[in-house]
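Trainee: Got a minute? I'd like to go through this one with you.
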Number of protein chains: 2
Amino acid sequence: MPSRANNSRKAVTGSSASRPVRGELAILSQIRSRAGRSSFPGISLGIGDDCALLRPRAGEEFAVTTDLTVAGTHFRLDWHTPESAGHRALARGLSDLAAMGARPVAAFLSLGLPRGFANPKGHWEGSWVARFMDGLLALAEASKTPLAGGDLSETPVVLADIVLIGAVPTGTALLRSGARAGDLLYVTGSVGGGAASLPHLNRLGKESNADAGAGGLRPPRIPKALAPLLARHLAPQPRLAQGLALRRRGLASAAIDLSDGLSTDLTHLCEESQVAAEVDPALLPIHPGADLNYALHGGDDYELLFTVRPATRMPKAIAGVALTCIGRILPARANRATVSVLTPQGPEPLEPRGWEHFA
Amino acid sequence: MPSRANNSRKAVTGSSASRPVRGELAILSQIRSRAGRSSFPGISLGIGDDCALLRPRAGEEFAVTTDLTVAGTHFRLDWHTPESAGHRALARGLSDLAAMGARPVAAFLSLGLPRGFANPKGHWEGSWVARFMDGLLALAEASKTPLAGGDLSETPVVLADIVLIGAVPTGTALLRSGARAGDLLYVTGSVGGGAASLPHLNRLGKESNADAGAGGLRPPRIPKALAPLLARHLAPQPRLAQGLALRRRGLASAAIDLSDGLSTDLTHLCEESQVAAEVDPALLPIHPGADLNYALHGGDDYELLFTVRPATRMPKAIAGVALTCIGRILPARANRATVSVLTPQGPEPLEPRGWEHFA
């Protein structure tokens, strides 16, 4: 009589399209077979032991970040396809690596699933989890980030905690704390598009689910005209190449990724650098379809916000993504707001009004 | 007008006993102030940037493990104090490091909280989260494991994903795959106590909450006579010193930690080593209050199960914890169960009947 573990081994090697996938070990085997097809530099031991083993190159240190993604908070089953939810879960962590100028080494995924998601009709292909993993692993492959381990548990809602480990030459990581008064403030790409997508997704999601009747939550089809805007939210591109180049070419003095919104993330950068900042709204590269409010306070852009010493000669773009000066760094003073925005009446305080849990 | 971030900075430096702690940034500040009081070797940048930075020693590689702990699955609000839940969440990951013979370098915590837990009456001290962090950080301190980062999100139930990063000299980690036919099978400490605690906790939890009326879930007081047994479940001690010594002294050929139950974890070890194993139940160091069934299939012991080459001279204990030979490793054969248990009628197959999600 074969043991349960032998059954799960079969699921790894056999065709899975028509074989029921039941239980934790079988699901883990499916993920392992998708994730572990080849070996990767830097990973000396992958999925299948108590720990994975990561081998640093001489002279490098590791950057580590964790991001918890929860259905209903970070994505919605009636807005996001499983592929988009998987892509976004990994993109959040990759964006943190990008902000440090780190090269991805490995990702770890702790996945929480309600019973129905783990085993909808006993088949793996086409299941919510399989499609979530497809979205996640497609971005992992594109960014050369192997999935090296993780955990799986039953939870009341779908959730994914992603751990990203990257490498940087020791002492060279881009930090939030490196900005000095006199530096210029830059942003990659465009801002506001991530948040400006939300009202469209809300409307489309309602329409889609009005049609669906009681058949469960269904993410909408995206009209062609809205695709470029909504892609900013549904499939954000972490700026790994830009972060790496900013660090390697010594262009940036400080950096942070724009996940919670410009007003909030710039406040974080200023606090860690003990400086103030002034943003000129006329300079902001606002994404078509967004407006100034989305650009200043909307989250989910996953662009890099960074500072540059005034004498640095800056390229106009890195790897096809524009770099735009949007303001400057000022000394922190008791009577000055941490972040100000220029108006015809002069600088006005810009309160952090981006995303905050439990607020 | 102070920004929200300034408020959260005040929460770090000021006395927090009587100040309301509201919102994500304030909660993170509290955790940061508790966790980040001193600097640690190996962490070149802790909480407060996009990533933490970990600096490996020359010739070392990093062991990484993630463990997702969910209320209702891994602990119960009517069985476990918040301190016990926090202790157990960290102990699971430390036990994985112990199984590799790794030295802890850093922990990361992704914490999910329902709104009520994040801010019960606006006070930090005495709140469920504060007590959870107390339990987690007490074990972190005892095991010299600094909390270097993490994430916080609103979730329908309390959950904690713990990431542990440890270090081992390159190529020396204890693996599941190192066992060979002829090796002897050992276990640290005692087995069965973790699972044998559960019926007691179930009974005590019911009694405690019958008294509590509608006042919410309340973990029970533990009667003195049951304390040693229930401590096996409520405050398991990861065998870090034993794992380190087994690796450094070259005593073990393979190792795994007993988290899911002996029958399941031994099957994992055998599969990764491509061997079979035979357990002699008469040799099992069964914890007082447990029985053979708990010892073979109960999880939550967090002891180390390891193999030893037959010529190795084994000490009777390491750092006060007994080492007991419980069986031997055999060649894998088509007509032989992966794991067998000796009976008066000869060896009988031992199916993995430990913990599995979605089973």
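Trainee: What is the bridge partner of B:Arg103 in β6(B)?
Mentor: B:Ala167. Strands here are DSSP runs (E, at least two residues), numbered from the N terminus.

Trainee: How do β4 and β6 of chain B pair?
Mentor: Antiparallel, over nine bridges. β4 covers residues 103–113 and β6 covers 159–169. Two strands pair if DSSP finds at least two bridges between them.

Trainee: What's the strand order in the sheet?
Mentor: β1(A)-β2(A)-β3(B)-β6(B)-β4(B)-β5(B), an open sheet of six strands with mixed pairing. β1 (43–45) of chain A and β5 (147–154) of chain B are at the edges; each has a single partner strand, so one side of each lacks a neighbour in the sheet.

Trainee: Switching topic. How are the two chains related?
Mentor: A turn of 180 degrees with a shift of 0.0 Å along the axis lays chain A on chain B, RMSD 0.0 Å. The fit is least squares on C-alpha atoms of residues with pLDDT of at least 70 in both. That is the relation of a two-fold axis.

Trainee: And the confidence?
Mentor: This is a predicted model, where local features need pLDDT of at least 70 and side-chain atom pairs 80 or more, while totals for chains, interfaces and linings use all residues. pLDDT is the predictor's confidence in each residue, from 0 to 100. Chain A averages 87, and 87% of its residues score at least 70. Over residues 1–21 of chain A the pLDDT is below 50. For the complex, the predictor gives an ipTM of 0.86 and a pTM of 0.88.

Trainee: How does the numbering work?
Mentor: Residues count from 1 along each chain as written, chains are lettered from A and ligands numbered from 1 in written order, and side-chain values use heavy atoms, without hydrogens or water.

Definitions and conventions
Contact = heavy atoms within 4.5 Å. Helix = DSSP H or I, 4+ residues; strand = E, 2+ residues; numbered from the N terminus.
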